[in-house]
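Thanks for sharing this one. Here are my notes, as numbered points to read with the structure open.

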Amino acid sequence: MNNIAEQLALAYQKLAKNSEQRPNSANAAQLIAVSKTQPASAIEIAYQAGQRQFGENYPQELASKALTLTHLTGLEWHFIGPLQSNKTRLVAEHASWVHSVDRLKIAQRLSEQRPAALADLQILLQINISNEAAKSGIAPAEMLALAAAVNTLPRLQLRGLMAIPAPGDQQQLAADFAAMQQLSTQLQDHYPHATELSMGMSDDWPLALSYGATMIRLGTAIFGARNYDKHE
Ligand SMILES: Cc1ncc(COP(=O)(O)O)c(C=O)c1O
């Protein structure tokens, strides 16, 4: 388990080096530690090592970890998985960010269910950038219409875009990341505050950064392999 602190330190070192090599880029990207299927104890270790942003894919798992770990002040939950309408309340009540909004109905429910005592929920729209049949996310052509609708909803703030490109060769991945960068520019033309671009995972994050990622989501690089058997 001590590995977690070491892996985190290593990832932050690489991230800093990568940022130095791109002096024109804005601030270093944020690292979201993807803790899905990992026990709360693993999150505590990462927290003690200084990590504050954690990503979860399942609403129930996010909510139960959030309730278990309320003593860790400043911990910030990012919901990054597919979201069904009947699970929106768990996310609205426990997450700070949702990376995976791809339907107006989901955004409306999050808006209605966000407790007034909490800060606005920060929203990214998920784009199905590799045009995969069975994947979540909207088509690029639908982005501006969904953004316009989400932007009017109370207790939500539209902050940017997220994508999970299909695994492929470097050339295809680069093309997908480049397309996301263009969409992000287009979105910011209309919504200057929507500057976030969540893309890049353990195997491809340096490439994502070179196309303007502002948030990278690292699971196995921090926590090691996931054990789905033990999940819920
Ligand atoms: C949306 C999303 N982002 C990031 C990750 C982390 O992936 P990796 O373990 O390859 O870093 C996952 C893992 O399932 C994921 O579902």
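**Notes on the fold and the ligand shell**

1. A good place to start is Ala-33, whose bridge partner in strand E2 is Phe-54. Please keep in mind throughout that this is a predicted model. E2 covers residues 53-56 and pairs with E1 in the parallel sense, over two bridges.

2. Ala-33 also has a partner in E8, namely Leu-218. The pairing of E1 with E8 is again parallel, and here there are four bridges. So how enclosed is strand E1 by the rest of the structure? Of its five residues, 30-34, four are buried, so E1 is largely enclosed.

3. Strand E8 is worth a second look for the ligand. Both E8 (215-218) and helix H9 (220-223) contribute at least two residues to the shell around the ligand. That shell has 13 residues, and the ones that come nearest are Met-201, Ser-202, Arg-217, Gly-219 and Thr-220. By character, the shell residues are six nonpolar, four polar and three charged.

4. Now the overall architecture. The chain contains nine helices and eight strands. Its radius of gyration is 17 Å, close to the 17 Å that the globule rule gives for 232 residues, so the chain is as compact as a globular protein of that length. Along the principal axes, the C-alpha atoms fill a box of roughly 45 × 40 × 30 Å.

5. On packing, 39% of the 232 residues are buried. If you take the contacts between residues at least 6 apart in sequence, 56% of them join residues at least 24 apart.

6. Which residues have the most contacts inside the largest nonpolar core? They are Val-98, Leu-161, Met-180 and Ile-216, in a core of 59 residues. Met-180 is a nice one to click on: setting aside residues up to four places away in sequence, Met-180 touches Ile-127, Ile-129, Leu-161, Ala-163, Leu-197, Met-199 and Tyr-211. Leu-161 thus appears both in the list of core residues with the most contacts and among the residues that Met-180 touches.

7. Gly-212 sits in the loop between helix H8 (205-210) and E8. Is this loop glycine buried or exposed? Gly-212 has 20 other C-beta atoms within 10 Å, so it counts as buried. Beyond its neighbours within four places in sequence, Gly-212 is in contact with Gln-181, Ser-184 and Leu-197. Leu-197 is also touched by Met-180. The C-alpha atom of Gly-212 is separated by 8.8 Å from that of Ala-29, although the two are 183 residues apart along the chain.

8. Finally, two backbone angles that I would look at in the viewer. Most residues other than glycine have a negative phi. Asn-131, however, has a positive phi, near 55°, and Arg-155 also has a positive one, near 65°.

9. Where do these two residues lie? Asn-131 is in the loop between strand E5 (121-127) and helix H6 (143-151), while Arg-155 is in the loop between H6 and strand E6 (156-163). Asn-131 is exposed, because just 12 other C-beta atoms lie within 10 Å. Arg-155 has 16 other C-beta atoms within 10 Å, so it is partly exposed.

Technical notes: Residues numbered from 1 in each chain as written. Predicted model: local features only at pLDDT ≥ 70, side-chain atom pairs only at ≥ 80, totals over all residues. Near = placed C-beta within 6 Å. Nonpolar A, V, L, I, M, F, W, Y, C, P; charged D, E, K, R; others polar. Core = buried A, V, L, I, M, F, W, Y, C linked by C-beta atoms within 7 Å. Contact = placed C-beta atoms within 7 Å. Rg over C-alpha atoms; globule rule 2.2 N^0.38 Å. Pairing = 2+ DSSP bridges.
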